[in-house]
Amino acid sequence: PRRDFISVTLGPEEVVGVGGYNNSKAWRRRSCWRKWKQLSRLQRSVILFLFAFLAVCGVISYTSMGEAWKSITNKSLDEQRTEQEIPGLKLANPAVLPAPQKADANHGDFPELSLQKPPKLPHVRRGPSNLQIKAPRRDVRLKTRHDTIRAVEELVEADKVEKTEKSIISWRGAVIEPDQSTEPPSSKIKEPEKPSSMEAEDQKEPVPINERQLAVIEAFRHAWKGYKDFAWGHDELKPLSKSYSEWFGLGLTLIDALDTMWILGLKEEFEEARKWVANDLVFDKNVDVNLFESTIRILGGLLSTYHLSGDSLFLEKAKDIGNRLMPAFKTPSKIPYSDVNIGRGTAHPPRWTSDSTVAEVTSIQLEFRELSRLTGDEKFQKAVDEVMKHVHTLSGKNDGLVPMFINTNSGQFTHLGVYTLGARADSYYEYLLKQWIQGGRKENELLEDYMRAIEGVKKHLLQRSEPKKLTFVGELAHGHFSAKMDHLVCFLPGTLALGAHNGLAADHMKLAEALIETCYQMYAQVETGLSPEIVHFNLHAQKGHKDVEIKPADRHNLLRPETVESLFYMYRFTGDKKYQDWGWEILQNFNRYTRVATGGYTSINNVQNPSNPEPRDKMESFFLGETLKYMFLLFSDDIDLINLDKYVFNTEAHPLPIWVPA
């Protein structure tokens with residue numbers, strides 16, 4: 001049959017190239033090697049470099065992607081675990097001191113606190129969960145709270161911000177180097193902006209709670225038991241008669257203690273108090289309140305608790321009371337009246353005078369300024385800033401020292417010639433420094449007034465006692481020096497130390513060290529180990545006499561916090577354990593002479609009689625709001641538990657954020 005194709009068979013020798021092409025691996029290897037050898041040395045070097053570079057890049061990419069994937073996986077596992085423990089919980093990104101918005105924070109559960117030492121857990125810190133979160137955002141549904149021991153005790157380490165240099169501000173030996181990024185303060189309050197999220201930082205090792213802190217927690221719970229059993233929702237406990245007293249009828253003790261409970265990690269107590277605030281705290285009442293006391297205790301307490309917990313309930317209540325206090329500023333001089341009817345919206349001076357005390361009108365600024373920052377409403381800050389600017393320009397000062405009274409009609413100082421750092425003037429000096437710190441150390445008029453005042457104290461009010469040569473702060477009345485010192489003056493060592501920490505003259509810290517020794521001796525030289533309200537110092541050595549003399553009318557003790565407050569600052573800035581030991585002695589003596597068996601602590605009439613200190617049957621709200629809070633912080637070795645580079649305490653021990661962290 002016919003075929004349509006031709007078959008041709010070729011031998012191996014007829015294929016191109018000697019030996020022919022057979023597509024074998026050996027032939028291909030010989031061919032590639034031949035071509036590689038045909039390349040120049042430069043070409044081969046370039047190819048080898050490129051391969052090496054790609055290999056290095058691949059290794060680096062694999063490592064970074066592996067860490068990122070591991071981080072995402074761990075985060076997802078943590079969130080799943082948290083949501084299993086607390087359904088619906090979303091952990092908010094921590095932020096560093098933004099201008100905050102309202103937060104719709106759930107107030108849910110908090111971690112159970114036991115008086116037993118907690119077990120050691122990884123990355124666990126006792127205290128409020130988001131203590132260093134400065135302010136919540138609108139989209140934050142629920143703040144990290146003390147709902148599990150893990151959530152309670154995690155604190156985010158603060159951003160390490162490099163300090164930059166700007167022009168140096170010098171004032172009588174003080175050298176201040178403000179942040180280069182800061183600008184002169186604006187008279188207009190801008191609408192708060194949403195905080196920017198912060199990159200995740202390494203967690204610090206937890207600082208375990210110690211026995212002394214546990215003792216403070218036990219003391220607080222004992223005091224709280226008396227308040228809850230006999231004075232719930234009222235202003236102050238009368239522990240002996242198992243009843244209560246009213247001042248404003250606004251639950252002062254409860255509000256004053258809110259942030260203390262948060263800092264101590266007391267879950268159940270805080271939740272009970274929060275429910276009372278939500279359901280029973282009503283400011284629409286026909287009642288006169290003192291502008292100063294209601295600002296530092298109620299407004300300050302609500303703002304502080306809002307910042308620590310992120311619960312917008314407290315901010316709403318703060319705005320309510322803030323607005324109701326504003327009629328006090330409707331005076332001819334803009335110096336506010338001392339009393340406000342928060343129901344009627346009217347204000348008036350005391351019945352016996354048209355004067356206000358200087359300390360009261362100049363110690364409400366931290367709170368109203370922060371309220372403006374949070375709400376974006378400038379009226380609050382504008383009102384209190386006008387007061388400070390007016391006082392700055394007044395005559396009648398003595399080397400920066402101010403009289404005790406100011407007239408609300410004329411706006412002038414009255415009762416000239418009397419100068420003290422005690423009652424009616426004390427917190428004026430404290431708030432000069434703290435406003436300067438709060439505003440980012442930019443308002444130089446405040447710094448000038450503070451520095452001038454400290455120089456005035458050194459020149460006119462400092463003396464040394466006999467026989468121990470204790471440095472103390474006396475009073476000046478029409479040129480006559482009095483060796484009288486209120487316990488209230490013991491705020492000064494802490495304030496001086498805070499100023500030195502913020503870059504003021506080093507001799508301020510030396511003076512602080514001398515004064516805190518004096519304040520401690522006001523306890524140590526007394527029979528009960530508790531300080532009286534007022535002491536007089538001996539200026540001349542007398543056989544058988546101590547440095548401290550106490551008059552019968554001055555020998556009461558009101559459970560005041562000022563010495564413990566300064567001990568806290570001194571320990572925080574120096575690390576000297578003696579300050580903790582002194583505070584421990586004071587706490588033991590409070591337990592020994594002021595503790596009431598059925599609950600609560602009482603002020604006493606006679607610190608010189610250990611066998612009968614004559615209890616007064618009253619527990620001031622500041623015992624829970626200040627004294628025990630400072631005790632707890634004093635005994636802690638955790639500097640991030642209310643970091644003093646991020647918070648400034650008002651004069652009622654309520655921490656408020658610093659606007660531009662140092």
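## Worked exercises on burial, contacts and salt bridges

Glu293 sits in helix H7 (residues 291-309); helices here are DSSP runs of H or I with at least four residues, strands are E runs of at least two, and both are numbered from the N terminus. We're working with a predicted model, where local features need pLDDT of at least 70, side-chain atom pairs count only at pLDDT 80 or more, and totals for chains, interfaces and linings use all residues. Residues are numbered from 1 along each chain as its sequence is written, and side-chain values use heavy atoms, with hydrogens and water left out.

**Exercise 1.** Work out whether Glu293 is buried or exposed, and find what it touches.

*Solution.*
- Start with the cut-offs: buried is under 20% relative accessible area, exposed is over 50%, and partly exposed is in between (1.4 Å probe, protein chains only).
- Glu293 has 15% relative accessibility, so it counts as buried.
- Now the contacts (heavy atoms within 4.5 Å). Skipping residues up to four places away in sequence, Glu293 touches Trp247, Phe248 and Ile298.
- For the record side, UniProt has an unreviewed entry that places "active site" at Glu293, Asp426, Glu533 and Glu562. Its positions are given in the numbering used here, feature names are shortened, and annotations may be inferred rather than shown by experiment.

**Exercise 2.** Do the same for Glu562: place it, classify it and list its contacts.

*Solution.*
- Glu562 is in helix H16 (residues 562-574).
- Its relative accessibility is 8%, so Glu562 is buried.
- Leave out neighbours within four places in sequence, and Glu562 is in contact with His487, Leu488, Cys490 and Phe491.

**Exercise 3.** Find the residue that UniProt lists for "binding site" and describe its surroundings.

*Solution.*
- The unreviewed UniProt entry gives Thr651.
- Thr651 belongs to the loop between strand E19 (647-649) and strand E20 (655-657).
- With a relative accessible area of 16%, Thr651 is buried.
- Not counting residues up to four places away in sequence, Thr651 touches Phe292, Ile296, Ser427, Glu430, Tyr431 and Glu626.

**Exercise 4.** One of those contacts, Glu430, also forms a salt bridge; find its partner and say how the two are placed.

*Solution.*
- First the criterion: a side-chain nitrogen of Lys or Arg must be within 4 Å of a carboxyl oxygen of Asp or Glu.
- Glu430 pairs with Lys434, and their closest N and O atoms are 2.7 Å apart.
- Both residues are in helix H12, four residues apart, which is about one turn of the helix.
- Glu430 is buried at 3% relative accessibility, and Lys434 is buried at 0%.

**Exercise 5.** Which parts of the chain does the salt bridge between Glu236 and Lys618 tie together?

*Solution.*
- The closest N and O atoms of Glu236 and Lys618 are 3.4 Å apart.
- Glu236 is in strand E3 (residues 236-238) and Lys618 is in the loop between helix H17 (578-593) and H18, so the pair ties together parts 382 residues apart in sequence.
- Glu236 is buried at 3% relative accessible area, whereas Lys618 is partly exposed at 29%.
- There's a bit more to it: Glu236, Lys618 and Glu620 are linked in a network of salt bridges.
- Across the whole structure, a search finds 28 salt bridges.

**Exercise 6.** Compare the span of helix H18 with its expected span, then check its burial.

*Solution.*
- The expected span is 1.5 Å times one less than the number of residues.
- H18 (residues 621-634) has 14 residues and reaches 20 Å from its first C-alpha to its last, close to the 20 Å expected.
- As for burial, 14 of its 14 residues are buried, so call H18 mostly covered.

**Exercise 7.** Find the residues behind the nonpolar surface patch of about 660 Å², and check Leu50.

*Solution.*
- Patch residues have over 30% relative accessible area and no salt bridge; like charges are joined within 9 Å, and nonpolar side chains (Val, Leu, Ile, Met, Phe, Trp, Tyr) within 5 Å.
- Areas come from the Shrake-Rupley method with a 1.4 Å probe, and for residues only the protein chains shown count as cover.
- The patch is made by Leu42, Val46, Phe49, Leu50, Phe53 and Leu54.
- Leu50 is in helix H2 (residues 41-85), and at 46% relative accessibility it counts as partly exposed.
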